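Hello,

Here is the structure we talked about handing over. My notes on it follow below.

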Amino acid sequence: MQEIQYLTSYQIIRKLAAGGMGSVYLAEQLGAEGFRKVVALKTIKKEFLKNKENVDLFVGEAKLVADLIHENVLQVYQLGMTRGTYYIVMEYAHGKNLSDFIKAHKDRHKVTNVDIGAFVISRVCRALHYAHEAKSMGGKPLNIVHRDVTPSNVIITYGGVVKLTDFGIAKAVVMATPDEGEVIMGKLPYMSPEQAKFQGTTAQSDVFSLGLVMYELLTNTVVYNVNDIDDLVDKMDNYSIKPPRRLNPHIPEKLEGIMLKALEVNPANRYQTAREFGQDLEHYMYDGGYGPTNEKLSRYLARLFPEESTQAIAGVHDSSHGTNVSGLLPVGGGSSQPISQEDSGEG
Ligand SMILES: Nc1ncnc2c1ncn2[C@@H]1O[C@H](COP(=O)(O)OP(=O)(O)OP(=O)(O)O)[C@@H](O)[C@H]1O
Ligand SMILES: [Mg+2]
C-alpha cells in the first residue's frame, strides 16, 4: 500500500470562542497552488494536557467520531498536535449556537416559535440516533453516547441546517474505565438522572438531555437551575418537572406530551431511542401538512440575526493570501506561524 506523506498547514484567522476544554478558532486549511478551505480548529487547554486521562479522552473521542458523517453531525476532519497542543480540525458551521439563539429571543422578550423549535430538536434526534447506532468499519457497534447535549453544542447554520457538535466527552462503553463513577462529565443543568447518579450513560441519557434543551428552547427556562450535584439529584428524585405549557401556552398538548416523555426520570418510561423521540416530533410537525423545513429555519434565523446572517465570514477573503489574513493568533507556542502538522501517514 502506498501512502502519501504530506504537510498540512492551518492559518488561524481569529478566535471564535473560549470553551470548556480549550478555544475554538476560525482557520483555513492550506493546500497546493493556493488551495484554501475554511475550517474550525479546537485546541485543548494546556492544563488538560498535564492530565493523561483527559488527553486520552480527547484523543479517544476524536478517533471514535472520525467516521461519523451525517448532515446533522458536525464533521471532524483531523486530529493534530503541534508544540504540545492537541487540536481538532472540523467543519466550520457558519451560524449560531442554540445558547445564543435562545438568548436572542430572551433579549426581545420572546420565545422560540414552537414548530421551529420542534424542527431543530427533531434534527438533533437524527444526529443522535445516527451516532448511537454507528458501527466501526468492521461492523462492531461503537456504542457512542454524546454525554454533553447542551444548547452550546447545537449550531444552526444560516442555511438552516442543524449540527450537533462535540462528541468530545462522549465515551464508548468499550472505553469505559472501572473508576468511571468518580469522573463527572457534562454540564450540570443538562445531565440525565443516570449521569447524575453515576449509573453510566446510555443513548437514553442523551434523549433526556435533549429533552432539557428542548424545554429551555420553548420556555426560556432552565429545568434544573442547580449548582451542585446533590441538589440536582434531590430535584430529580423529589420534584416533578413543571408542565411546559404553564410557561408557554403556545405549546400544544401533543407536543407537551412528547417533551415530558423525553424527560421521564425513569428510563423505562422515557423514549427508548432518539429515533422514537424524533419520529414523534416529526409526526407532530407534519401531521397537519407542510411543516417546518431547512428553508423556513434559515429565514427564521435571518430575521433573528439580520446583519450577521447576510455578512461574509469575517476575516475570510475570496483571494486571500497568507499576508492579508487578519488577526493571526498563535496556538500553543508564542510564534505567529501557521500551524503545521506533519502527518506520518499512520492511521
Ligand atoms: N465547528 C464550529 N463551527 C463554528 N462555531 C463553532 C464550532 N465549534 C464551536 N463553535 C463555537 O464555539 C463555541 C465554543 O465551543 P466549545 O465547544 O469550545 O465550548 P462549549 O460548547 O461552550 O462547551 P463544551 O466544552 O461543553 O463543548 C460554541 O458554542 C460555538 O458557538
Ligand atoms: Mg461545545
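**What was found**

In the protein chain, 67% of the contacts between residues at least 6 apart in sequence join residues at least 24 apart. Please keep in mind that this is a predicted model. The protein chain contains 11 helices and 9 strands. Of its 347 residues, 37% count as buried.

**Helix α4 and its contact with α6**

Helix α4 covers residues 114–132, which is 19 residues. From its first C-alpha to its last it reaches 26 Å, close to the 27 Å expected at 1.5 Å a residue. Most of α4 is covered, with 15 of its 19 residues buried.

Helix α6 (residues 203–219) packs against α4 at an angle of about 165°, and the two axes are 10 Å apart. Angles over 145 degrees count as roughly antiparallel, and α4 and α6 are therefore roughly antiparallel to each other. Their crossing is right-handed.

On the α4 side, the contact is made by Val-114, Gly-117, Val-120, Ile-121, Val-124, Cys-125, Leu-128 and His-132. On the α6 side, it is made by Ala-203, Asp-206, Leu-210, Met-214, Leu-217 and Leu-218. By class, the residues of this contact divide into 11 nonpolar, 2 polar and 1 charged. As background to the numbering in such a list, an α-helix has 3.6 residues a turn, so residues three or four places apart point the same way.

**Helices α8 and α9**

The second helix pair in these notes is α8 (253–262) and α9 (274–286). Their axes come within 10 Å and cross at roughly 170°. That makes α8 roughly antiparallel to α9. From α8, the contact involves Lys-254, Leu-255, Ile-258 and Ala-262. From α9, it involves Phe-277, Asp-280, Leu-281 and Tyr-284. The contact of α8 with α9 has 6 nonpolar residues, no polar ones and 2 charged ones.

Val-265 sits in the loop between α8 and α9. Is Val-265 buried or exposed? Val-265 counts as partly exposed, because it has 16 C-beta neighbours inside 10 Å, and a residue needs 20 or more to be buried and 12 or fewer to be exposed. Apart from neighbours within four places in sequence, Val-265 is in contact with Pro-193 and Met-236. Val-265 and Glu-194 are 71 residues apart in sequence, yet their C-alpha atoms are 8.6 Å apart in space.

**Two residues with positive phi**

Most residues other than glycine have a negative phi. Two residues to look at in this respect are Glu-33, with phi near 55°, and Phe-198, with phi of about 55°. Phi is thus positive in Glu-33, a residue other than glycine, and likewise in Phe-198, which is not a glycine.

Where do they lie in the chain? Glu-33 is in the loop between β2 (23–30) and β3 (36–43). Phe-198 is in the loop between α5 (193–196) and α6. As for their surroundings, Glu-33 is exposed, because 4 other C-beta atoms lie within 10 Å. Phe-198 has 14 C-beta neighbours inside 10 Å and therefore counts as partly exposed.

Regards

Definitions and conventions. Residues numbered from 1 in each chain as written. Chains lettered and ligands numbered in written order. Predicted model: local features only at pLDDT ≥ 70, side-chain atom pairs only at ≥ 80, totals over all residues. Helix = DSSP H or I, 4+ residues; strand = E, 2+ residues; numbered from the N terminus. Expected span 1.5 Å × (residues − 1). Axes fitted to C-alpha atoms, helices over the stretch in contact; angles between N-to-C directions. Parallel < 35°, antiparallel > 145°, perpendicular 65-115°, else oblique. Left-handed = near helix turned anticlockwise from the far one by under 90°. Contact = placed C-beta atoms within 7 Å. Nonpolar A, V, L, I, M, F, W, Y, C, P; charged D, E, K, R; others polar.
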